[in-house]
Amino acid sequence: MHTKGPSPVHHDGSGLRVGIVHARWNGSIIEPLLAGTKAKLLECGVRESDIVVQSVPGSWELPLAVQRLYSASQVQSSSAGTGGTAGDLLGSSTTDLSSLPAAAASSTGPFDALIAIGVLIKGETMHFEYISDSVSQGLMRVSLDTGVPVIFGVLTVLNDDQARARAGLTEVGHNHGEDWGLAAVEMSVKRKSWA
Ligand code: DLZ
């Protein structure tokens, strides 16, 4: 049994808007993580049309993309009726991972939470350390600067086996994407009550 993660608490996600940005590096790990994240959002009552999924090349690009996605959703809600979705500013408005169900037409309005998904696997150089440190600091900065929950869906692992376990691809593993979906809903709901 998986005991390390947060005990799963389901909050009511109906009416919430959630933006997800995922990196395309290590796509075979990203795919189940993204699916697990979306499954929990939907299970909590977030509508498919209130989930916007974007992709970027690698984890390094996540902080800027998350920041721009949020800003675009704010601009859009303050000029409602002018058309377009938040995703337009970043290019394609749906994920590139073809096995996932196609996203329904997106709703509009500011996001209640953002989820950044990436998989950083340590290699032979210092690349991993620099990217991991910058990305985690960048995502925290976006969250504190905007006051919007940015869920840290970035695996920083030493090898492929560790990544597979955390994507629920091994017998003893657990899909961390599910935790990220639940965290996004919980933090969105709690943030509203703290406003
Ligand atoms: C360059 C690079 C390397 C070596 N490893 C990863 C990785 O494990 N996971 C990941 O998401 N991205 C990696 N990248 C790509 C960088 O994040 C970034 O996309 C490029 O350096 C271009 O800015």
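Here is a short chat about the core, the ligand shell and a helix pair in this predicted model.

Residues are numbered from 1 along each chain as its sequence is written. Because the model is predicted, local features need pLDDT of at least 70 and side-chain atom pairs count only at pLDDT 80 or more, while totals for chains, interfaces and linings use all residues.

Trainee: Which element gives the largest share of the shell around the ligand?

Mentor: Happy to help! The shell holds 15 residues, with Ala-23, Trp-25, Gly-58, Ser-59 and Trp-60 the closest (near means a C-beta atom, placed from the backbone, within 6 Å). Strand E3 (113-121) and helix H3 (127-146) each supply at least two residues (helices, H or I, of at least four residues and strands, E, of at least two are DSSP runs, numbered from the N terminus). The largest share, four residues, comes from E3.

Trainee: And which element gives the largest share of the largest nonpolar core?

Mentor: That core is a set of buried Ala, Val, Leu, Ile, Met, Phe, Trp, Tyr and Cys residues joined through C-beta atoms within 7 Å, where buried means 20 or more other C-beta atoms within 10 Å of a residue's own, all placed from the backbone. It has 46 residues, and Leu-114, Ile-115 and Ala-116 are among those touching the most other members. Seven residues, the largest share, come from E3.

Trainee: At what angle do the axes of H1 and H5 cross?

Mentor: Axes are lines fitted to C-alpha atoms over the stretch in contact, with angles from 0 to 180 degrees between N-to-C directions. Helix H1 (residues 27-43) and helix H5 (residues 176-194) have axes that come within 7 Å. Their crossing angle is roughly 40°.

Technical notes:
A residue is buried if 20 or more other C-beta atoms lie within 10 Å of its own, exposed if 12 or fewer, and partly exposed in between; C-beta atoms are placed from the backbone.
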